[in-house]
Amino acid sequence: PPFCEPPRITPDSPLAGKLTSLSVVFTPSVPIPSDGEIDILLPPGAAAEPASVSVTTDALGNDDRGTLRALDGGFVTFAQGRVVRVRRDGVGRDVAEGLEVSMTVHGVRNPQSSGPSGEYELRTTTAKRELIEQAVGIAGTDITPNALEALTVLRSDYAALEPSDLILSLTP
């Protein structure tokens with residue numbers, strides 16, 4: 001089944017090659033079990049950095065819900081290539097259908113080249129990896145060229161009136 005509303009996945013920075021965070025917002029139409037999983041598939045060229053990936057959940061802003069977090073309890077975050085997986089630990093409550101989930105995924109590197117990023121995918125599964133919901137074709141963003149931070153120019157074996165090689169080192 002589809003999510004109640006199309007999921008939204010937006011990077012904090014659109015700069016090419018930049019390590020950034022993603023804002024992920026979705027509303028399940030089927031409950032997510034307390035031991036369920038959430039998978040985010042990044043667009044081609046983007047990658048999750050296993051050493052720095054983490055997820056924080058955002059408190060819901062509606063006054064009638066107080067500070068309830070949609071993803072209560074604990075969870076563990078895994079990253080491999082283009083996939084970020086959030087595995088819930090079974091301690092919290094199921095996420096009810098119609099309850100907006102808002103989280104931030106840290107440690108994602110944007111594609112290296114500028115232009116359309118490509119599309120994201122979002123899945124929720126049971127602990128046994130049985131599909132609950134899936135959204136494909138989630139609109140990406142336009143990746144913009146990154147500014148050049150440093151340029152180093154070195155000469156190798158410099159001697160007067162002799163040809164030498166120049167070594168350029170660019171740091172985006």
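**Salt bridges and core of a predicted all-strand model**

Trainee: Which residue meets the side chain of E37 in a salt bridge at 2.6 Å, N to O, with R129 set aside?
Mentor: The model is predicted, so side-chain atom pairs count only at pLDDT 80 or more. The side chains of E37 and R87 meet in a salt bridge, 2.6 Å from N to O. E37 sits in strand 3 and R87 in strand 7, so this pair ties together parts of the chain that are 50 residues apart in sequence. The partner you're after is R87.

Trainee: Is E37 buried or exposed?
Mentor: Buried means under 20% relative accessible area. E37 has a relative accessible area of 2%, so it falls under that cut-off. Its partner R87 is at 32%, which counts as partly exposed. For E37, then, the word is buried.

Trainee: How many residues apart are E37 and R129?
Mentor: The side chains of these two also meet in a salt bridge, at 2.6 Å from N to O. E37 belongs to strand 3, while R129 is in the loop between strand 10 and strand 11. That makes the pair a link between distant parts of the chain, with a separation of 92 residues.

Trainee: Which residues are joined into one network by salt bridges that share partners?
Mentor: R129 is partly exposed at 36% relative accessible area, and D39 is buried at 2%. D39 and R129 form a salt bridge as well, with their closest N and O atoms 2.6 Å apart. D39 is in strand 3 and R129 in the loop between strand 10 and strand 11, 90 residues away. Follow the shared partners and the network is E37, D39, R85, R87 and R129.

Trainee: Which strand gives the largest share of the largest nonpolar core?
Mentor: That core has 27 residues, and V24, F26, I40, M103 and V105 touch the most other members. Elements giving two or more residues to it include strand 2 (19-27), strand 3 (37-41) and strand 8 (101-109). The largest share is four residues, and it comes from strand 8.

Trainee: What is V24 in contact with, leaving aside its neighbours within four places in sequence?
Mentor: V24 is one of the core residues that touch the most other members. I40, M103 and V105 are listed with it there, and they turn up among its contacts too. The full set is R8, I9, I40, V101, S102, M103, V105 and L122.

Trainee: How many strands does the protein have?
Mentor: There are zero helices. From the N terminus on, the elements run β after β. The strand count is 14.

Note on methods
Residues numbered from 1 in each chain as written. Predicted model: local features only at pLDDT ≥ 70, side-chain atom pairs only at ≥ 80, totals over all residues. Heavy atoms only, no water. Core = buried A, V, L, I, M, F, W, Y, C linked by side-chain atoms within 4.5 Å. Buried < 20%, exposed > 50% of the residue type's maximum accessible area, 1.4 Å probe, protein only. Contact = heavy atoms within 4.5 Å. Salt bridge = Lys/Arg side-chain N within 4 Å of Asp/Glu carboxyl O.
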